[in-house]
Amino acid sequence: MVVWEGSSLGIDPDPEIELEDEESVYLSSDHVIFLVDAREPMLELNSSGESHLLNSLKTILHIMKQKIMAGDNSLLGIILMGTGNKNAENNHHYVEYLRLDRPRAENVRDLQILVDDFDSEFQRIFGGSQEQPSTCNNTNTNTDKPMFPLKECFWKSAWIFNEKNKNKT
């Protein structure tokens with residue numbers, strides 16, 4: 001963990017100065033949607049012998065555990081794009097694996113099961129990876145391969161944030 005000290009940034013830390021918004025610092029929370037690419041290239045092994053997708057999921061699991069232990073009010077969600085299964089509501093290859101909400105023990109347990117037995121669980125839950133996206137009519141002019149409609153994942157993420165904000169008020 002990197003610790004930044006005021007003097008290394010050219011700022012003189014003065015312990016007598018209090019933050020005016022000190023309460024808001026402690027009461028703030030993160031709202032994070034992890035948008036994870038689950039297509040075939042992410043299943044290639046990295047230098048440590050695990051897939052990039054598995055490494056991403058382990059990182060998310062670690063962050064979820066930290067948020068639970070810290071007891072903060074952060075909301076976390078996971079969307080996997082490029083899965084073999086199509087989203088039932090709009091026929092796109094992304095799955096909202098974890099709804100944007102406070103991480104709970106059952107979320108951690110489910111993600112831990114996926115990480116521990118990744119090969120079989122990923123295939124069972126998501127139908128594997130999508131080799132070449134087939135949901136977009138656009139093609140890449142350099143390779144003439146279909147492109148994945150990333151905009152749909154961003155649209156879904158924006159919609160989720162908007163719905164969460166509507167529910168707050």
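The exercises below, each with a worked solution, concern aromatic pairs, helix packing and two spatial contacts in a predicted model.

Residues are numbered from 1 along each chain as its sequence is written, and side-chain values use heavy atoms, with hydrogens and water left out. As the model is predicted, local features need pLDDT of at least 70 and side-chain atom pairs count only at pLDDT 80 or more, while totals for chains, interfaces and linings use all residues.

**Exercise 1. Classify the ring pair of Tyr97 and Phe126, and place both residues in the chain.**

Step 1. Rings of Phe, Tyr and Trp (its six-membered ring) pair if their centres lie within 6.5 Å; planes under 30 degrees apart count as stacked, over 60 as edge-to-face and the rest as tilted.

Step 2. The ring centres of Tyr97 and Phe126 are 5.3 Å apart and the planes stand at 65 degrees, so the pair is edge-to-face. The structure holds three aromatic pairs.

Step 3. Helices (H or I, at least four residues) and strands (E, at least two) are DSSP runs, numbered from the N terminus. Tyr97 belongs to strand 3 (residues 94-101) and Phe126 to helix 4 (residues 118-126); with these positions 29 residues apart, the pair links distant parts of the chain.

Step 4. Buried means under 20% relative accessible area, exposed over 50%, partly exposed in between (1.4 Å probe, protein chains only). Tyr97, at 22%, is therefore partly exposed. Phe126, at 1%, is buried.

**Exercise 2. Classify the pair of Phe122 and Phe126, and name the cluster.**

Step 1. The distance is 5.4 Å centre to centre and the angle between the planes is 45 degrees, which is a tilted pair.

Step 2. Phe122 and Phe126 are four residues apart in helix 4, so about one helical turn separates them. Both Phe122 and Phe126 are buried.

Step 3. One aromatic cluster is formed by Tyr97, Phe118, Phe122 and Phe126.

**Exercise 3. Describe the packing of helix 2 against helix 3.**

Step 1. Axes are lines fitted to C-alpha atoms, for helices over the stretch in contact, and angles run from 0 to 180 degrees between N-to-C directions. For helix 2 (residues 52-70) and helix 3 (residues 105-116), the angle is about 155 degrees and the axes are 10 Å apart.

Step 2. Angles under 35 degrees count as roughly parallel, over 145 as roughly antiparallel, 65 to 115 as roughly perpendicular and the rest as oblique. Helix 2 is therefore roughly antiparallel to helix 3.

Step 3. Contact means heavy atoms within 4.5 Å. Residues of helix 2 in this contact include Leu57, Leu61 and Met64, and those of helix 3 include Val108, Leu111 and Val115.

Step 4. Ala, Val, Leu, Ile, Met, Phe, Trp, Tyr, Cys and Pro count as nonpolar, Asp, Glu, Lys and Arg as charged, and the others, Gly among them, as polar. The contact of helix 2 with helix 3 has 11 nonpolar, two polar and two charged residues.

**Exercise 4. Repeat the analysis for helix 3 and helix 4.**

Step 1. The two axes come within 6 Å and cross at roughly 120 degrees. Helix 3 is therefore oblique to helix 4.

Step 2. Ile113, Leu114, Val115 and Asp116 of helix 3 meet Phe118, Glu121, Phe122, Ile125 and Phe126 of helix 4. The contact of helix 3 with helix 4 comprises seven nonpolar, no polar and two charged residues.

**Exercise 5. Which of Ala105 and Ala38 is buried, and which exposed?**

Step 1. Ala105 lies in helix 3 and, at 56% relative accessibility, is exposed. Its C-alpha is 9.5 Å from that of Met64, 41 residues away in sequence.

Step 2. Ala38 lies in the loop between strand 1 (31-37) and helix 2 and, at 0%, is buried. The C-alpha atoms of Ala38 and Gly82 are 5.1 Å apart, with 44 residues separating them along the chain.
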